[in-house]
Amino acid sequence: MKFIKRRYVVLLLIFSLYIFVTLQVFAHGVNIFAYIEDGTIYTESYFSKGKGVINGKIEVFDNAGMLVYEGYTDTKGGCIFNIPGTGDLTIVLDAGMGHRATYKLKAEELRDSYIQQDPGRSVDEEPVSESYISVSEKSGEEDKVGNESAGADRGRSDVSIEDIRKVVEEEVAKQIRPLSRNIAKLQKDTGLSAGKVFAGIGYIMGLMGLFLYFKSRRS
Amino acid sequence: MHISDGVLSAPVLIAGAAAAAAGTVVGLKKMDTDKIPKVAMLTSAFFVASLVHVPIGPASVHLTLNGLVGILLGWSCFPAILVALLLQTLLFQFGGISVLGVNTVVMGAPALIVYVIFNNFIKKDNNILIVLSSFFAGVLAVLLAVLLNSYALFFSGDEFIHLARLLVAAHLPVMAIEGAVNVFIITFFKKVKPEIFKIPHAISQKT
């Protein structure tokens with residue numbers, strides 16, 4: 001049984017040329033990812049090549065499937081809005097022409113952002129500040145809190161520690177934002193790569209082999 | 001033109017799946033041993049072709065090669081396109097599993113139609129006829145695919161005329177490129193290996 005006919009080799013060569021010449025251009029799919037900062041959700045919608053989706057429709061649904069937010073992406077593909085509810089959120093991008101992508105935000109991520117936003121709400125943090133005060137009272141001078149000395153009344157120590165906490169949180173959030181953005185993007189990237197192209201072709205050849213084998217067994 | 005999961009309504013998905021299944025069954029029946037490597041080659045070609053994109057304004061469109069697949073494979077274009085689309089979904093997340101049937105019909109039906117119309121002309125010896133048929137086969141295959149695509153989206157609420165006009169306009173360069181590619185490949189095969197056009201199955205006794 002002749003397996004490799006010359007014309008198929010030629011075909012393969014032609015298409016390999018095709019592949020190598022054009023592999024740097026990718027076809028389109030759309031993707032969306034989101035990250036949270038300070039009670040605000042930042043979304044970015046883009047085509048596989050990296051171009052932002054302009055004027056794409058963004059819809060956000062809560063756990064029950066109710067629409068809690070609706071908006072459009074700007075000229076860079078971004079859409080920023082305040083957290084519209086508690087619980088898990090599903091963000092849906094509709095870029096038209098049948099292109100659609102989703103991103104899910106878990107309730108825990110949203111909750112963390114709430115705490116960042118409103119330090120007064122964090123009840124569990126007070127015991128910590130109390131222990132700080134007791135430490136500074138004990139040590140006397142060495143006071144990382146700054147101007148407030150150990151002798152100052154507890155009310156003012158509480159506030160200043162919260163101030164510092166707030167400042168630190170803001171600065172850290174600022175540093176982390178590009179990181180969380182990159183992580184979210186990485187998780188969502190479609191992974192269009194030469195390796196996968198060859199994997200796909202390998203699969204096809206494998207299927208061909210199976211077909212040929214079973215057909216030959218029958219005859 | 002891959003439609004993603006979650007865009008189309010259930011009746012459309014089911015109809016698409018049924019039509020794709022029917023086409024695939026017929027295509028597999030008509031696929032005898034000699035044809036299998038050819039099918040595999042064209043499946044690979046179709047698989048890779050969608051990775052070639054042409055940026056059009058804000059969005060981008062991609063080549064399909066479904067005209068070529070139809071002319072060279074006939075009914076077996078259905079299993080070929082089905083497999084290629086499935087692999088694209090699994091490896092690149094293009095399209096979706098639930099919408100696989102619809103996408104297969106959107107690409108496969110035009111391929112088959114183009115085969116029925118142009119196959120006889122391409123088998124003839126007239127060079128001009130071959131060039132013209134190849135070109136228009138490519139153009140028509142893409143045009144029909146775009147229209148079917150719009151039709152499917154129409155059932156999910158998109159307004160048909162407006163969408164169809166938009167998609168057709170966006171795909172005009174693709175049609176031209178596909179036509180040209182078809183001309184090159186088909187004339188090449190006519191010179192080098194004309195037997196590739198003889199599709200050995202029961203119906204095509206009109207050789």
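This is a short talk on a predicted model with chains A and B, going from confidence to folds to a few single residues.

Okay, let's start with how far to trust chain A. Its mean pLDDT is 72, and 65% of the residues get to 70 or more. Where are the lowest and highest mean values among the elements of chain A? The lowest is helix α3 of chain A, residues 126–139, at 41, and the highest is strand β3 of chain A, residues 57–61, at 91. Two stretches are worth flagging. Residues 22–27 of chain A sit below 50, and that stretch still has 16 contacts in the model beyond near neighbours in sequence. Then there's residues 118–153 of chain A, also with pLDDT below 50, and there the model has 27 contacts beyond near neighbours in sequence. Keep those two in mind if you go picking contacts out of chain A.

Now the layout of chain A. We've got 5 helices and 7 strands. Reading from the N terminus, the order is α-β-β-β-β-β-β-β-α-α-α-α. The chain has 219 residues, and 35% of them count as buried. For those of you who like contact maps: take the contacts in chain A with a separation of 6 or more, and 54% of them come from residues 24 or more positions apart.

Let me give you one residue from the strand part. Asp88(A) sits in the loop between β5 (78–82) and β6 (89–96) of chain A. Buried or exposed, or in between? Partly exposed, as it happens, because its relative accessible area is 33%, and the band for that label runs from 20% to 50%. Leaving out residues up to four places away in sequence, Asp88(A) touches Phe61(A), Asp62(A) and Asn63(A), and also Leu105(A), Lys106(A) and Ala107(A). Take Asp62(A) from that list: it is 26 residues from Asp88(A) along the chain, yet the C-alpha atoms are 6.1 Å apart.

Right, on to where the chains meet. Helix α5 of chain A, residues 194–218, packs with helix α2 of chain B, residues 36–49. The angle is about 160° and the axes are 9 Å apart. Anything over 145 degrees goes down as roughly antiparallel, so that's what we call α5(A) and α2(B). The crossing is right-handed. On the α5(A) side, the contact residues include Ile201(A), Ile204(A), Met205(A), Met208(A) and Phe211(A), with Lys196(A) and Lys215(A) also among them. From α2(B), they include Ile36(B), Pro37(B), Met41(B), Phe47(B) and Val48(B). What does that contact look like by class? You get 13 nonpolar, 3 polar and 2 charged residues.

Staying with chain B, have a look at helix α3, residues 66–73. How many of its residues are buried? That's 8 of the 8, so the helix is largely enclosed by the rest of the structure. They run from Asn66(B) and Gly67(B) through Leu68(B), Val69(B), Gly70(B), Ile71(B) and Leu72(B) to Leu73(B).

The backbone on either side of α3(B) is fun for anyone who checks torsions. Leu65(B), in the loop between β2 (59–62) and α3 of chain B, has phi near 65°, which is positive in a residue other than glycine. Leu65(B) also counts as buried, at 1% relative accessibility. After α3(B) comes Gly74(B), again with a positive phi near 65°.

α3(B) packs with helix α4 of chain B, residues 77–92, at about 140°, with the axes 9 Å apart. That makes the pair oblique. Val69(B), Gly70(B) and Leu73(B) in α3(B) meet Cys77(B), Ala80(B) and Ile81(B) in α4(B). By class, that contact is 5 nonpolar, 1 polar and no charged.

Then in the loop between α4 and α5 of chain B we find Gln93(B). Gln93(B) has a positive phi too, about 60°, and isn't a glycine. At 44% relative accessibility, Gln93(B) counts as partly exposed.

Last stop is Val106(B), in helix α5 of chain B, residues 100–123. Val106(B) is buried, with a relative accessible area of 3%. Setting aside neighbours within four places in sequence, Val106(B) is in contact with Ala145(B), Leu148(B) and Asn149(B). And from Val106(B) to Ala141(B), 35 residues apart in sequence, the C-alpha to C-alpha distance is 10.0 Å.

That's all from me.

Methods: Residues numbered from 1 in each chain as written. Chains lettered and ligands numbered in written order. Predicted model: local features only at pLDDT ≥ 70, side-chain atom pairs only at ≥ 80, totals over all residues. Heavy atoms only, no water. Axes fitted to C-alpha atoms, helices over the stretch in contact; angles between N-to-C directions. Helix = DSSP H or I, 4+ residues; strand = E, 2+ residues; numbered from the N terminus. Parallel < 35°, antiparallel > 145°, perpendicular 65-115°, else oblique. Left-handed = near helix turned anticlockwise from the far one by under 90°. Contact = heavy atoms within 4.5 Å. Nonpolar A, V, L, I, M, F, W, Y, C, P; charged D, E, K, R; others polar. pLDDT = per-residue confidence, 0-100. Buried < 20%, exposed > 50% of the residue type's maximum accessible area, 1.4 Å probe, protein only.
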